[in-house]
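Here are a few short exercises to work through with the model open beside you. Try each task before you read its solution.

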Amino acid sequence: MYGWIWRHLPGNTWVKALISMVLVLAVVFVLFQYVFPWAEPLLPFNDVTVDEGMAAL
Amino acid sequence: MTATGTDEESDRSAPPPSPPRRVRRTIASVVSVIGELLITAGLILGLFVAYSLWWTNVLADREAHKQSDQVRRHWASSGPKGPGALDIKDGIGFLHVPAMDNGEVLVKKGTSTEVLNEGVAGYYTKPVKSALPQDKKGNFTLAAHRDGHGAKFHNIDKLKDGDPIVFETKDTWFVYKVFAVLPETSKYNVDVLNKVPKESGKHKAGRYITLTTCTPVYTSTFRYIVWGELERTEKVDADRTPPAELR
């Protein structure tokens, strides 16, 4: 998969390395900016309040 | 090596790969793609840990500083006007807990995720409505994050009986003393927020404060509760000299 991407990047090794860096940073940005903020409330790690849940019904 | 030997070898590799070899190559590439996907998944999970334990703190602290400055500026610009000093929208005041060693925590209305993610503590509006510190009787109930998003109550386990919890409003210091701790309770235990929280050992109405957050650290299986009772109040002077507990 990554080998395939590497072979399809244009330019010599240095240009490829540079483009790869930019791609990696772009992926990290999208994860931090959009994916993680969306995923976090769905995961049970950070609920801090006491709440009326099943037990209180 | 003889010439015949090389001829034989090149002869053998010359024809296109036989079906079994092609199958093997396909399997190998499928396995390598799966492997790369697993490595990627591992990296993403690692990044998620960095996001929740570090980056959300950066964002929340930035937001909390901005809002705290706003409140302080608002207090400074609006003259002494008696009880109207509480500003519900921006935040009602600051919580100082020396034992938690985390400076001042802005307190705002509500305990929704949006509010708490700003790196502040929120007072409950539901399921049990919180009293405010200046109310004659009642329980001032707060929640804040244990980890990430400012992690304002991270060190809640450092609080022991007798430790001061100081709440600062525009014109009053409310000095509470911790009298009971519940290190682990169900997340559905809303009784801890009651006007008179029975589990703390109190049976009469009084001026209480309740801090709630999740426990154990990095998870939210249970809730950690700390109760305090108002010891005294102090008028804020012109220099905003903090009470003895904070000096």
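**Exercise 1.** Find the stretch that UniProt lists as "transmembrane region" in chain A, and describe its backbone.

*Solution.* Start with the record: the unreviewed UniProt entry gives residues 14-36 of chain A as "transmembrane region" (an annotation that may be inferred rather than shown by experiment). Next, look at the predicted model, where residues are numbered from 1 along each chain as written and chains are lettered from A in written order. Local features here need pLDDT of at least 70, side-chain atom pairs count only at pLDDT 80 or more, and totals for chains, interfaces and linings use all residues. Residues 14-36 of chain A are 100% helix and 0% strand (DSSP runs: H or I of at least four residues for helices, E of at least two for strands, numbered from the N terminus). The end C-alpha atoms of this stretch lie 31 Å apart.

**Exercise 2.** Do likewise for the "transmembrane region" of chain B.

*Solution.* The unreviewed UniProt entry places the annotation on residues 27-54 of chain B. That stretch is 100% helix and 0% strand, with 40 Å between its end C-alpha atoms.

**Exercise 3.** How many residues does each chain bring to the contact?

*Solution.* Chain A brings 20 residues and chain B brings 32, counting residues whose C-beta atoms, placed from the backbone, lie within 7 Å. On the side of chain A, helix α2 (residues 13-39) gives the most, with four residues.

How values were computed
Two residues are in contact if their C-beta atoms, placed from the backbone, lie within 7 Å.
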